[in-house]
Amino acid sequence: MSAEKTGAENPGSGQGIEAVDLEAGYGRIEVLHGLSLAAEPGEIVAVVGANGAGKSTLLRALSGLIAPTAGRVRLGGADVTGRGPEAIAAAGLAHVPENRLVFPTLTVDDNLTLGAWTRRRDKAGLRQRRERVLEYFPRLADRLGQAAGTLSGGEQQMLSIGRGLMARPSVLVLDEPSLGLAPRVVREIFATLGRLRSAEGLAIVLVEQNVRAAFKVADRATVLDRGRVLLEGVPSDLLADDRVQQAYLGGGYAVD
Amino acid sequence: MSDLLQFVVAGLSSGAIYALVAMGFVAVFSVSGVINLAQGEFAAIAGLSALSFTDAGLPLPVAMLLALLVVAVVAVLMQRLAIAPVRRMTTLVSIILTLGVSTALKALLLLIYGPQGRGLAPLPGADLVIGGVSVRAQELWILGITAVVAVAVAVFYDRTVLGKALRACAEQPIAARLVGISPKAAATVAFAVAGLLGAVAGVLASPIQLTQWDSGLLLGLKGFVAATLGGLVSIRGAVLGGLVLGVLESLTAGYIDSGYRDAVAFVLLIVVLVARPGGVFGRHAEARV
């Protein structure tokens, strides 16, 4: 896609994201019971698990939407535990939320501009970044003036990821980007994630229900079960594991 | 016919005042879900402090601008001291809380300024009579300034990055936080905008309606009705709601009985809330702000 290699100019320490013994939840209900996970720059880590396993809660704790009750979160080597989402976004983490959450009445262009909110004073960087994002998601280029709410689901997902990329993050975490999308669109988006990993050197945490698609692009994978890490390893090994087969891929349950 | 026109013109100018107050309600509610019942007090504080400034010998335009500044500061302080510290703000909590702030502000105004009402000197210009309809210069100023302010507010939300960030907070608060827009900062800006809008209403209305410690009560309630007519999240709806309310009041006072003037707003409010809770002018998926 883009000719330049930008892995070298990747900002931050180049140490990705790391959660250590993380405990978090909502009010008195604890969802994560001491969970550890790391993604290095240039690596996609898939996080799978049943509903209620704590996948979304994990991402919310990483991005600061909820404050962990115990454990640490390190971003690019710096401890960001307990900081708010605005601060963590500014520190280089982009959280692409479940259900895309684009700003519906704002244009595609405005959505992208606001994605760079933490770097809004850098006007020249903003233009460059927009061009780069549009190279990754060329479909958005034809829709710049359109209200984001009128885009198709796949385009909204691309916009949501593109909005996250506008801040030049070092870490990208995505919450079920395949949700409700046609397999062809999922392939297209996941292929782009692969390019973002290689060309931008991003550390990517990919939370997915669509295990097959996620395992295809991931370098490593983690299976969560009720707030703990059940299994982790290389996707091909996990696919051979009986428990994964049974839980996610067996019984004629279509995942792709 | 000229009666009708006269009523409409008078209604439009009082409606413009409601529209300004209503835009203030929308500015705050759309971003933070807070219904600010002290919105009317912003107008009263503006009128009274402008009077103090003219008493101190300052020229009228300077006094008016200073009053806007005073109210913007009051609005931001109110947000910081009374709204921001609340952990779990709901719309109901906000109504109770801002009712308290509104009552406290009224008491403070009564202590400082006493009970008597006074009017600011009108802005310069000759009253007009066009086709049997007389229009006061102050009414022309009200219509003109309201039009300029409404356009400025629309441009702010449609064209500036800060305005778009406020809309982003209103539409998708979680996504807004994730891109780094602080909801507290957004609420502060929203209150400053609301304060300015209420203050413009206050200094413009003062020469016609007089300003006293409690004149924010009725103005605030009518502004709220106007904002509700527009669905509470639309600037355009709020402007339209204010103008419609003003004209309906004026027609009711003119053709039925002036004693019913203040009842119009509340009858309208009940009808709207029962029949079209989303606002009369709001389309279904109406853009917030």
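Begin by selecting helix H2 and helix H8 of chain B in this predicted model: H2(B) passes H8(B) in a right-handed crossing. For the extents, select residues 39-55 for H2(B) and residues 183-209 for H8(B). Fitted axes for the two helices come within 7 Å and cross at roughly 55°. An angle of that value lies outside the parallel, antiparallel and perpendicular ranges, so H2(B) counts as oblique to H8(B).

Next, display the side chains at this crossing. On H2(B), the residues to pick are B:Gln39, B:Phe42, B:Ala43, B:Ala44, B:Ile45, B:Ala46, B:Gly47 and B:Ala50. They meet a set on H8(B) consisting of B:Ala194, B:Gly195, B:Gly198, B:Ala199, B:Ala201, B:Gly202, B:Val203, B:Ala205 and B:Ser206. Coloured by class, the contact of H2(B) with H8(B) shows 11 nonpolar and six polar residues, with no charged residues.

Now move to chain A and show the whole chain as a cartoon. Chain A has 10 helices and 10 strands. Its C-alpha atoms fill a box of roughly 50 × 40 × 35 Å along the principal axes. What radius of gyration does chain A have, set against that of a compact globule? The value for chain A is 17 Å, which agrees with the figure near 18 Å expected for a compact globule of 256 residues. Of those 256 residues, 48% count as buried. Among contacts in chain A with a separation of 6 or more, 69% are between residues 24 or more positions apart.

Within chain A, select helix H3, residues 108-115. Is this helix largely enclosed or largely open? Seven of its eight residues are buried, so H3(A) is largely enclosed by the rest of the structure. The buried residues are A:Val108, A:Asp110, A:Asn111, A:Leu112, A:Thr113, A:Leu114 and A:Gly115. To see what surrounds them, add helix H4 (123-136), helix H5 (138-141) and helix H6 (153-165) of chain A, against which they pack. Then add helix H6 (161-171) of chain B, which also packs against the buried residues of H3(A).

That last selection leads to the boundary between the chains. Here, 22 residues of chain A are in contact with 16 residues of chain B. On the side of chain A that touches chain B, helix H2 (85-90) and H3 of chain A each supply at least two residues. Colouring that side of chain A by class gives 12 nonpolar, six polar and four charged residues.

Note on methods
Residues are numbered from 1 along each chain as its sequence is written. Chains are lettered from A and ligands numbered from 1 in the order in which they are written. This is a predicted model: local features need pLDDT of at least 70, side-chain atom pairs count only at pLDDT 80 or more; totals for chains, interfaces and linings use all residues. A residue is buried if 20 or more other C-beta atoms lie within 10 Å of its own, exposed if 12 or fewer, and partly exposed in between; C-beta atoms are placed from the backbone. Helices (H or I, at least four residues) and strands (E, at least two) are DSSP runs, numbered from the N terminus. Two residues are in contact if their C-beta atoms, placed from the backbone, lie within 7 Å. Ala, Val, Leu, Ile, Met, Phe, Trp, Tyr, Cys and Pro count as nonpolar, Asp, Glu, Lys and Arg as charged, and the others, Gly among them, as polar. The radius of gyration is taken over C-alpha atoms; the globule rule is 2.2 Å times the number of residues to the power 0.38. Axes are lines fitted to C-alpha atoms, for helices over the stretch in contact, and angles run from 0 to 180 degrees between N-to-C directions. Angles under 35 degrees count as roughly parallel, over 145 as roughly antiparallel, 65 to 115 as roughly perpendicular and the rest as oblique. A crossing is left-handed if the near helix is turned anticlockwise from the far one by less than a right angle, and right-handed if clockwise.
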